[in-house]
Amino acid sequence: ANLSFILNTIIDRSAWGYKLVNLILHLISGILLFQLVQKLSRVSLDISGKQARLMAMVVTAFWLLHPLQVSTVLYAVQRMSILSALFVTGALLIYTRFRTRSQAINAAKLAGYIGSYTLLWILGLASKESAALLPLFVLILELCIFRFNVRPQHETRRNLHLFLTLLVYLPLLAGAIYTTTHFTELTAGYFVRDFTISERLYTEIHAIIFYLKVIIIPDLASMGIYHDDFQIQSGLTPLTITFLAVITLSIITALIFRNRFPLASLGILWFFTAHLLESTFLPLELVFEHRNYLALAGIGMLLSELLLYLLQRSTTTNKHRLIWGCFILFFLFLSLLTYLRVDTWSSREKLFAYQERQHPNSPRVLMELINIDVPRHHFDLAYSRINKIEEL
């Protein structure tokens with residue numbers, strides 16, 4: 001990520017240059033996601049190539065156009081999240097091609113698949129640590145799509161076992177051992193937080209539901225660059241228990257129905273897998289939108305199989321047109337919201353003035369506004385905001 005910023009600075013050090021590169025990387029990731037979903041749809045569902053392309057198009061359009069992505073793509077430093085997602089998606093595409101080979105793979109080709117997958121994984125980790133979740137993504141691909149089925153040839157079975165052992169099972173075992181033996185070090189950061197590990201775990205249950213809400217019902221007023229005003233949860237309240245039950249039942253449902261609705265089940269597990277590192281026990285800040293950058297594709301998968309299910313159940317042309325009309329209107333609505341949110345991000349002053357209206361109790365938003373007030377000699381306004389930060 002830092003290397004890309006250096007290259008960016010050499011070519012164009014303006015804010016526009018950084019955001020343009022982020023946007024290009026976002027589009028490249030969309031192309032990889034389209035190819036991945038298209039291949040997974042053909043493998044797991046009894047559909048034509050045209051239908052698979054339509055499903056991939058739905059997922060990709062949802063992922064590319066959703067207004068929640070604006071705060072990742074237009075916030076230059078979140079190139080870490082973008083690059084990590086790009087390399088993880090690329091590695092999953094390599095794995096999918098490996099799994100869908102119609103012929104047995106010789107040693108040289110197997111080494112090529114393992115080498116390219118490993119290189120992309122290393123690049124992902126060098127961009128952001130969240131790429132460490134790649135083995136879990138491979139595991140849910142197997143659970144929902146490939147189901148550990150292999151062709152009867154001994155060589156094919158051996159190749160799969162070798163790939164999974166080297167790049168899935170052993171890394172997951174190493175990760176579990178490291179987390180267990182270094183748990184105190186991993187959680188040492190709570191000394192500088194104003195919440196405990198238990199409070200973070202309770203709060204993250206609410207955060208996950210909040211993410212789902214703004215993804216499914218994209219309300220711009222609920223979105224923001226900072227969410228440091230998010231309420232900290234101190235215990236198992238009835239609402240926390242309800243949210244925990246929703247999350248648990250969603251995961252169980254996906255596992256139970258993964259044979260009948262493979263892509264939808266993958267989408268549910270994909271969303272929760274993407275949050276395992278940044279939305280669990282590590283002493284990170286409580287809520288950030290960029291944590292949904294890759295996770296959002298999972299909800300797109302769920303949406304695409306819902307579309308397929310509705311189309312298959314409809315028997316008339318008029319019903320088909322109605323279903324497609326609703327989906328097209330939905331994507332036009334997403335595009336409009338994204339356009340409006342991009343306009344809000346078009347200047348620092350406009351962004352934080354809007355954020356103050358939606359998040360008046362965010363100390364970070366108030367501090368950003370103070371940094372705008374002082375150079376303009378608006379000292380009284382700056383002092384009033386400092387006093388509010390102290391109260392908060």
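## Close-up views of a predicted model

**View 1. The buried side of helix H16.** Helix H16 covers residues 363-373, and its buried residues are Val365, Leu366, Glu368, Leu369, Ile370, Ile372 and Asp373. Keep in mind that this is a predicted model, here and in every other view. Why might residues three or four places apart in a helix point the same way? An α-helix has 3.6 residues a turn, so residues with that spacing end up pointing the same way. Which helices do the buried residues of H16 pack against? They pack against two: helix H15 (348-358) and helix H17 (379-391). Asp373, listed among the buried residues of H16, turns up again in the salt-bridge view below.

**View 2. Arg291, a buried charge without a salt bridge.** This arginine sits in the loop that runs between helix H12 (262-274) and helix H13 (296-313). How far away is the nearest side chain of opposite charge? That side chain belongs to Glu278, and the distance is 4.1 Å. A salt bridge needs the nitrogen and the carboxyl oxygen to be within 4 Å, so a pair at 4.1 Å doesn't make the cut. Arg291 does have a backbone partner, though: a polar atom of its side chain lies 2.7 Å from the backbone oxygen of Glu285. Setting aside residues up to four places away in sequence, the residues that Arg291 touches include Arg200, Glu204, Tyr211 and His275. Glu278, Ser279, Leu284, Glu285 and Leu286 are also among the residues touched by Arg291.

**View 3. Salt bridges, starting with Arg364 and Glu285.** The model has 10 salt bridges by the rule used here. Glu285, whose backbone oxygen showed up next to the Arg291 side chain, forms a salt bridge with Arg364, and the closest N and O atoms are 2.5 Å apart. This pair links distant parts of the chain: Arg364 is in helix H16, Glu285 is in the loop between H12 and H13, and the two are 79 residues apart. Arg364 is partly exposed at 33% relative accessibility, and Glu285 is partly exposed too, with a relative accessible area of 21%. Lys350 and Asp343 form another salt bridge, with 3.6 Å between the closest N and O atoms. Lys350 comes out as partly exposed, at a relative accessible area of 37%, and Asp343 counts as partly exposed at 37% as well. Which residues are joined into one network by salt bridges that share partners? Glu356, Asp373 and Arg385 are.

**View 4. Arg99 and Glu142, a buried salt bridge.** Here the closest N and O atoms are 2.6 Å apart. Arg99 belongs to helix H5 (residues 79-99) and Glu142 to helix H7 (residues 134-146), so this bridge ties together parts that are 43 residues apart in sequence. Are the two partners buried or exposed? Arg99 is buried, and so is Glu142.

**View 5. Aromatic pairs and one cluster.** The count comes to 20 aromatic pairs by this rule. One of them is Phe271 with Phe272, an edge-to-face pair with 5.3 Å from centre to centre and 80° between the planes. Phe271 is buried at a relative accessible area of 1%, and Phe272 also counts as buried, at 13% relative accessibility. Elsewhere, which residues form one aromatic cluster? Tyr95, Phe98, Tyr113, Tyr117, Trp121, Phe146 and Phe163 do.

**View 6. The largest nonpolar core.** This core has 107 residues, and the ones touching the most other members are Leu92, Tyr95, Tyr117, Phe137, Leu266, Trp270 and Phe271. Helix H5 supplies the largest share of the core, with 12 residues. Take Leu266 as an example: leaving out residues up to four places away in sequence, Leu266 touches Leu40, Ile140, Leu141, Cys144, Ile145 and Met301.

**View 7. Ser44 in helix H2.** Helix H2 covers residues 15-44. Ser44 is buried, at a relative accessible area of 14%. A polar atom of the Ser44 side chain lies 2.7 Å from the backbone oxygen of Leu40. Beyond its neighbours within four places in sequence, Ser44 is in contact with Ile145 and Pro262.

**View 8. Leu351 in helix H15.** Leu351 is buried, with a relative accessible area of 6%. What does Leu351 touch, not counting residues up to four places away in sequence? Its contacts are Ile225, Thr344 and Trp345. For a sense of scale, the C-alpha atoms of Leu351 and Val88 are separated by 31 Å, and these residues are 263 apart along the chain.

Note on methods:
Residues are numbered from 1 along each chain as its sequence is written. This is a predicted model: local features need pLDDT of at least 70, side-chain atom pairs count only at pLDDT 80 or more; totals for chains, interfaces and linings use all residues. Side-chain values use heavy atoms; hydrogens and water are left out. Helices (H or I, at least four residues) and strands (E, at least two) are DSSP runs, numbered from the N terminus. Buried means under 20% relative accessible area, exposed over 50%, partly exposed in between (1.4 Å probe, protein chains only). Lys and Arg count as positive and Asp and Glu as negative; His and the chain ends are not counted. A polar contact is a pair of N or O atoms within 3.5 Å; within protein, one must be able to donate a hydrogen and the other to accept it, and residues adjacent in sequence count only if both atoms are side-chain atoms. Contact means heavy atoms within 4.5 Å. Rings of Phe, Tyr and Trp (its six-membered ring) pair if their centres lie within 6.5 Å; planes under 30 degrees apart count as stacked, over 60 as edge-to-face and the rest as tilted. A nonpolar core is a set of buried Ala, Val, Leu, Ile, Met, Phe, Trp, Tyr and Cys residues joined through side-chain atoms within 4.5 Å.
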